[in-house]
Amino acid sequence: MQQKSSSPKDVLAELKKQRALDQKYRDGRILCSMCTTPHPVAKKAFDLFFESNLGDSGLFPVAAQLEREVVSQLANLLGSESACGFIVSGGTEANLLAILAAKNMANKERPEVVLPQSAHFSFTKICNMLNIKPVYAPLDDAYRVKPAAVEAFINRNTVAIVGTAGTPELGAIDPVDALAKIALRHDVHLHVDAAFGGLVIPFLEGTKPPFDFSLDGVRSVTVDPHKMGLAAIPAGGIFFRDQKTLDAIKTETPYLTDSYQYTFVGTRTGASTASAWAVLRVLGREGFQKMVAQCMKNTRYLTKNLEKGGFSLLCKPTLNIIGFRGENTKHLADQLRNRGWFVSYVSRYDCIRIVVMPHIRRRDAVAFMRDLKAARTE
Ligand SMILES: Cc1ncc(COP(=O)(O)O)c(C=O)c1O
């Protein structure tokens with residue numbers, strides 16, 4: 001730390017200069033992120049609750065009430081009038097809390113979790129932290145987990161099975177209805193990781209695959225407001241079907257205004273929860289439908305042009321995530337990066353992955369296709 005004080009004006013001017021060097025969603029070049037520019041109201045709401053701490057919520061009862069309201073609105077969207085939960089640091093913590101609850105409830109000596117091969121890498125961390133053996137079930141041609149394989153892996157040590165509604169790499173939706181039946185048959189916890197898809201699927205046009213509490217076997221769901229919910233980071237969401245499951249992760253707090261905490265993180269901001277609350281109120285279902293329709297329209301524009309241009313899609317996108325291949329896909333991804341595009345190269349599928357978030361406008365998609373065609377010849 002420097003010895004002398006500096007003026008806030010100078011420090012902010014320096015930060016502003018440095019900030020200019022970071023990427024900005026609004027430039028339309030970030031095609032590899034599940035986050036986006038938060039809604040303008042999110043920033044204002046965040047500022048209002050800037051110093052709140054939901055880890056000591058007796059001091060901030062209003063922020064705590066906002067959290068209950070966000071949880072209840074999202075639980076409602078997920079087909080439950082009574083699900084309970086919290087706004088946490090992200091999808092990783094949400095998945096952690098779900099698996100911790102399942103582990104504590106099942107109380108097995110050598111716990112195992114059956115995961116799709118496409119599960120988010122947070123489960124690797126979680127199994128490592130909780131000393132759980134991960135067992136990976138294979139996928140079908142559309143990159144969805146095979147329910148029969150999941151069922152075959154269940155044994156007396158299994159504490160949970162997991163399905164993903166919107167896989168991180170390809171946006172595939174696992175057959176959660178089939179997994180729910182398996183969960184009921186074996187009386188095992190089914191957790192659905194809808195960190196991304198939970199705020200997309202309900203707003204898609206046409207028939208939507210069931211993935212939430214409307215299915216009896218689903219015991220917990222992750223849905224992150226800081227992804228397609230346009231809320232400020234950190235805002236993940238964990239939802240439990242009933243209080244009994246939530247009670248499995250209760251910790252007594254010896255000196256705070258609350259008697260218990262349920263989240264992994266102790267001190268946690270109420271500002272991003274307020275931002276999520278404000279976005280839900282400002283957009284409503286109507287606003288989310290419009291936003292998702294726009295993302296899907298741009299996704300269709302890109303897939304149509306990718307196919308026209310001779311690229312092959314790994315699967316027809318269900319959500320606003322595209323995986324495609326060219327001739328030398330890794331090289332192509334590098335060339336795109338040289339041209340200022342941020343895409344993911346997914347080595348296990350040898351594909352380029354793009355996430356068509358709300359910050360991607362049609363003109364960005366057009367410019368991307370132009371550069372992609374040029375990059376192919378380099
Ligand atoms: C399906 C899924 N689950 C969990 C996560 C982890 O979320 P976070 O990065 O907010 O911890 C992600 C992140 O992209 C995700 O796509």
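This passage describes the domains, one sheet and the ligand surroundings of a predicted model.

The protein is divided into two parts, domain 1, which comprises residues 9-39 together with 284-376, and domain 2, which covers residues 41-280. The centres of the two domains, taken over C-alpha atoms, are separated by 26 Å. Where the domains meet, 20 residues of domain 1 and 26 residues of domain 2 take part in the contact. On the side of domain 1 that touches domain 2, α9 and β11 each supply at least two residues, and α9 gives the most, with 4 residues. By class, the residues of this side of domain 1 comprise 13 nonpolar, 6 polar and 1 charged.

An open sheet of 4 strands, paired in the antiparallel sense, follows the order β10-β11-β13-β12. Its edges are formed by β10 (312-313) and β12 (344-346), each of which pairs on one side only. Between β12 and β13 (residues 351-355) the antiparallel pairing extends over 3 bridges, and Val 346 has Cys 351 of β13 as its bridge partner. Helix α9 (residues 271-308) packs on the sheet, where it touches β10 and β11 (321-325), and its direction makes about 10 degrees with that of β11. Helix α10 (residues 329-338) also packs on the sheet, touching β11, β12 and β13, with its direction at about 45 degrees to that of β13.

The ligand is surrounded by 15 residues, of which Gly 90, Gly 91, Thr 92, His 120 and Ala 195 come nearest. Helix α4 (residues 91-106) gives the most to this shell, with 3 residues. When the shell is divided by class, 4 residues are nonpolar, 9 are polar and 2 are charged.

Note on methods. Residues numbered from 1 in each chain as written. Predicted model: local features only at pLDDT ≥ 70, side-chain atom pairs only at ≥ 80, totals over all residues. Near = placed C-beta within 6 Å. Nonpolar A, V, L, I, M, F, W, Y, C, P; charged D, E, K, R; others polar. Pairing = 2+ DSSP bridges. Contact = placed C-beta atoms within 7 Å. Axes fitted to C-alpha atoms, helices over the stretch in contact; angles between N-to-C directions. Domains from an automatic or database assignment.
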